[in-house]
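Student: I am new to this structure and would like a close look at one part of its interior. Please take me through the packing there, one piece after another.

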Amino acid sequence: MAEQGPEPEAGVPARQPIFMLPAVVTALAGIMLVIQLASSLILNDDGLQQLTLWFGFIPYRLIAPDQVPGGYLPLIWTLFTHAFLHAGWEHVLINVAWLLIFATPVARRYGAMPTLIVFLISSAVGAVAFAATTLPSVQVLVGASGGIAGLTGAAMRFIFQPLVVAPHPETGQPVILGREIASLKDIWRNPRARNFSLFWIVLNAAVPILPAFTGDSVQVAWQAHLGGFIAGLLLMPLFERRDAPILPQGDHHA
């Protein structure tokens, strides 16, 4: 949360930020878009292949490192860097839109560093889930879906919780304190949180069986979606501050 700015002078309208998004969300979206733009304008087909080879996640390195340039070593960073590469403009724009929706409430509640940590860990967990379900075939994972799914799971811990309202100790006026974090049981008891979570899980779990009905393969990393979502769902309570002040201390801009 940013520091409180100076009070505006009388008769002078308060300055509002141009972008209402938290800085970490803007930065993540911007990096993804810049990489996609640079890939489209600068790299030829061979350059794109090399970019994907060295920064996309390729589980096959685990069982045949001598058959993939770089061997085991790129696994160290590709667990995370795959989240910043995309297969095309449609792919990146959908992911950026989803990022703006679900990363924003997480960033406003917890700040930049927890948001980034959840995104990166969820991306890595999604990549591991992808590896566990695709080996020994040779497949490549690119896209931010696993990390964004993690932020979606994190948001499920509070966005559907009722607002907590209490009287101000001095004025007696009702003050919105925010939303309490939900336990997994609370999520199950809350119809909106439960239905959204079930829809997310069932929708992604159904992807592998879609070819049986459509006859076409579906290039969606459902494993990364599920792994990331579960990771974010479980990680978020670790960042909940128990010593946070109950009442707001002034006007703040995120």
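Tutor: Setting aside residues up to four places away in sequence, Phe119 touches Leu28, Met32, Ala83, Phe84, Ala144, Gly147, Ile148 and Leu151 (contact: heavy atoms within 4.5 Å). The model is predicted, so local features need pLDDT of at least 70 and side-chain atom pairs pLDDT 80 or more, while totals for chains, interfaces and linings use all residues. Residues are numbered from 1 along each chain as its sequence is written, and side-chain values use heavy atoms, without hydrogens or water.

Phe119 also appears in the largest nonpolar core, among the residues with the most contacts inside it; the others named there are Leu28, Met32, Leu99, Val106 and Leu151. That core has 34 residues (buried Ala, Val, Leu, Ile, Met, Phe, Trp, Tyr and Cys joined through side-chain atoms within 4.5 Å; buried is under 20% relative accessible area, exposed over 50%, partly exposed in between, with a 1.4 Å probe and protein chains only). Two or more core residues come from each of α1 (23-41), α4 (89-110), α5 (112-134), α6 (145-155), α8 (191-205) and α10 (222-235) (DSSP runs numbered from the N terminus: helices are H or I, at least four residues, and strands E, at least two). The largest share, eight residues, is from α4. There is also a second, separate core of eight residues, including Phe57, Leu141, Ala221 and Ala224.

Now take α6. Because 11 of its 11 residues are buried, α6 is largely enclosed by the rest of the structure. The buried residues are Ser145, Gly146, Gly147, Ile148, Ala149, Gly150, Leu151, Thr152, Gly153, Ala154 and Ala155. Their cover includes α4, α5, α8 and α10.

Two of these neighbours can be followed in detail. The axis of α4 comes within 9 Å of the axis of α6, and the two cross at roughly 30° (axes are lines fitted to C-alpha atoms, for helices over the stretch in contact, with angles from 0 to 180 degrees between N-to-C directions). α4 and α6 are therefore roughly parallel to each other (under 35 degrees; over 145 is roughly antiparallel, 65 to 115 roughly perpendicular and the rest oblique). The crossing of α4 past α6 is left-handed (the near helix is turned anticlockwise from the far one by less than a right angle; clockwise is right-handed). On the α4 side the contact uses His91, Asn95, Trp98, Leu99, Phe102, Ala103 and Val106, and on the α6 side Ser145, Ile148, Leu151, Thr152, Ala154 and Ala155. By class, nine of these residues are nonpolar, four are polar and none is charged (nonpolar: Ala, Val, Leu, Ile, Met, Phe, Trp, Tyr, Cys and Pro; charged: Asp, Glu, Lys and Arg; polar: the others, Gly among them).

The second neighbour is α5. Here the axes of α5 and α6 are 7 Å apart, and the helices pack at an angle of about 125°. That angle makes α5 oblique to α6. Their crossing is right-handed. α5 contributes Thr115, Val118, Phe119, Ser122 and Ser123 to the contact, while α6 contributes Gly146, Gly147, Ile148, Gly150, Leu151 and Ala154. Five nonpolar and six polar residues make up this contact of α5 with α6, with no charged residues.

Three single residues fill in the picture. Val106 belongs to helix α4 and is buried, at a relative accessible area of 0%. Beyond its neighbours within four places in sequence, Val106 contacts Gly111, Thr115, Leu151, Ala154, Ala155, Phe158 and Met236. Val106 and Thr152 are 46 residues apart along the chain, with 8.7 Å between their C-alpha atoms. Thr104, also found in helix α4, counts as buried at 8% relative accessibility. Apart from neighbours within four places in sequence, Thr104 is in contact with Leu21, Pro22, Val25 and Leu99. Ala112, in helix α5, is partly exposed, with a relative accessible area of 44%. From Ala112 to Val25 the C-alpha distance is 8.2 Å, across 87 residues in sequence.

As for the setting, the protein chain contains 10 helices and two strands, in the order α-α-α-α-α-α-β-β-α-α-α-α. Of its 254 residues, 38% count as buried. Among contacts between residues at least 6 apart in sequence, 74% join residues at least 24 apart.
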